[in-house]
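Let's take a quick tour of a protein chain and the ligand it holds. Have the sequence and the 3D view ready as you read.

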Amino acid sequence: MMRLFTTAAQLRPIPRSTRFANGGVSFWFRDIGLPERRDPLPGDAEYDVCVVGAGYSGLWTAYYLKKAEPDLRIAVIEREFAGFGASGRNGGWLSAEFAGSRERYAQSHGKSSMIALQRAMMHTVDEVATVARDEGIDADIVRGGMRLVATNAAQRARLVEEIEYLQEWGYWPDDVHLLEPDHEPRLSVAGAVAAAYSPHAARVHPAKLVTGLARVVEGLGVDLFEGTAVEEIRPREGTSAPAVVTDHGTVRAEHVIRATEGFTSTLRGHKREWLPMNSSMIATEPLSDELWEKIGWEGREVLGDSAHSYVYAQRTADGRIAIGGRGVPYRFGSAQDDDGATQPQAIVELWQALVRLFPDASEVPVEHAWSGVLGVPRDWCPSVHLDTASGVGWAGGYVGSGVATSNLAGRTLRDLVLGRESDLTRLPWVGHQVRGWEPEPLRWVGTQMIYGLYRTADRRESRTPEDKAHTSRFAGLATRIAGR
Ligand SMILES: Cc1cc2nc3c(=O)[nH]c(=O)nc-3n(C[C@H](O)[C@H](O)[C@H](O)COP(=O)(O)OP(=O)(O)OC[C@H]3O[C@@H](n4cnc5c(N)ncnc54)[C@H](O)[C@@H]3O)c2cc1C
């Protein structure tokens, strides 16, 4: 009962639309309507390739394989419907950002290899936009780039350092740079003391992209089964092909690709592999023309800030602001939501961030709140792999940057499955492996500490006088605990 009161009190200051909803997968699916489910797997079956999970990773893998070898028999097995996971819930930043420590990849493969990976990510932004256009997927894509703002002196110092750092790792000056204060097209963010820009990003409507991709993949002749839960993936045993055991029968295939990202911990044998980390979002009602006149944002660039508990935002095709951040990052025992409902605390924090950046939008009602899960490996480094002996491969652990990375993964898995050595299969994230997460309660305590410290660091930095601006020690401690 006490919790109910807290909830109501927490949400009271927030203007909410009469159409306000929390969950229902995401605003994006509310916008286009939840899809009718495809048929489940009809029973035991045999394929050349079986992909588990119909998000971007699984669908891009099926897409590129079928394009390369139209005769391949490919099945994609999905527990709910295509796009139910993070692919239908994200912030719509199709960006060249790659999660993970560059130094770690460089240690195993050399610096030039990591730079090649970064350049491949930049190309991937173009690749997704081009395929979407050529395949007739209308996903509201606008190649407006990415703008990062700093709203205090410590953030500004970090932003400048970050640009210098990126320019050592594959970004040339045209790929990321500081903006002049009067830069056009204008985007007025309150309290911004500096801003950086990269052209390697586009705004997308996540659910339109994933449902469009599913339609295209199906049209190519891939069997997409929905409402079919995979319980276990069994590697090849002797002459027996790898098996995907589901609640509707078992699929045997020469190659099995696991593309379950934040849900991976629910598969038998994978409990501690990738931590299911939550990210939450809110979307406002459409803003009036007068408000857009004040804010600008004509370029439709995706927008982020430089806080440790950073937020990401986009101006949607129908004139809303959709903004996201970590919210309540981790639930005890890797527990997951199933319908995208997010905690009141996350809604409050996101609304406060929205109003901090755009005070003029403080009266605009919030229409939707939701959350989804990302996959976080113990070293925060994404990977893609195919173990030829067992016949089982995977892609993921993208942390918060999977919209473009999943496309690079799909093309890489194509080459790995077809046994082609290529520039893609030589990239340093291929075959990268890491130990699992600690058992509970350590996992839960650790993530609470990490995000608590990041929040403390943000609060301290916002109060630090201009001449003493530096990154708070609390952030460094959080990063060390996280093992990033
Ligand atoms: C709120 C939020 C905001 C984000 N914003 C951005 C962003 O702006 N830019 C960016 O680059 N990244 C962002 N991300 C991350 C990005 O969305 C993901 O990295 C990406 O979508 C992962 O795609 P995926 O296909 O690997 O996983 P998912 O999209 O999660 O797909 C996995 C699929 O597997 C299915 N599945 C799971 N278990 C089983 C099972 N046992 N049997 C059968 N099927 C199963 C699920 O139902 C799901 O459909 C965000 C994520 C979230 C949650």
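Here is a short briefing on the whole chain, one of its strands and the ligand shell.

This is a predicted model, so to speak of local features we need pLDDT of at least 70, and side-chain atom pairs count only at pLDDT 80 or more, while totals for chains, interfaces and linings use all residues. Residues are numbered from 1 along each chain as its sequence is written.

**The whole chain**

- The protein chain has twelve helices and 19 strands; helices (H or I, at least four residues) and strands (E, at least two) are DSSP runs, numbered from the N terminus.
- Its radius of gyration, taken over C-alpha atoms, is 22 Å, close to the 23 Å that the globule rule gives for 484 residues, so the chain is as compact as a globular protein of that length. That rule is 2.2 Å times the number of residues to the power 0.38.
- Along the principal axes, the C-alpha trace spans about 70 × 50 × 50 Å.
- Of the 484 residues, 53% count as buried, meaning that 20 or more other C-beta atoms, placed from the backbone, lie within 10 Å of a residue's own.
- Take the contacts (C-beta atoms, placed from the backbone, within 7 Å) with a separation of 6 or more: 79% of them link residues 24 or more positions apart.

**Strand β14 and its partners**

- In a regular strand the side chains alternate between the two faces of the sheet.
- In β14 (residues 302-305), V302 and G304 point one way, L303 and D305 point the other way, and all are buried.
- Strands pair if DSSP finds at least two bridges between them. β14 runs parallel to β5 (residues 146-150), joined by four bridges, and R147 stands opposite L303 there.
- With β15 (residues 312-315), β14 pairs in the antiparallel sense over two bridges. Here L303 has A313 as its bridge partner, and a hairpin of six residues joins the two strands.

**Around the ligand**

- Which residues come nearest to the ligand? Of the 46 around it (C-beta atom, placed from the backbone, within 6 Å), they are G53, G55, G85, G372 and G402.
- The elements giving two or more residues to this shell are α3 (56-68), β4 (93-95), β13 (275-284) and β17 (366-376). The largest share, four residues, comes from β17.
- The shell divides into 19 nonpolar, 22 polar and five charged residues. Ala, Val, Leu, Ile, Met, Phe, Trp, Tyr, Cys and Pro count as nonpolar, Asp, Glu, Lys and Arg as charged, and the others, Gly among them, as polar.

How values were computed. Buried ≥ 20, exposed ≤ 12 C-beta atoms within 10 Å, placed from the backbone. Contact = placed C-beta atoms within 7 Å.
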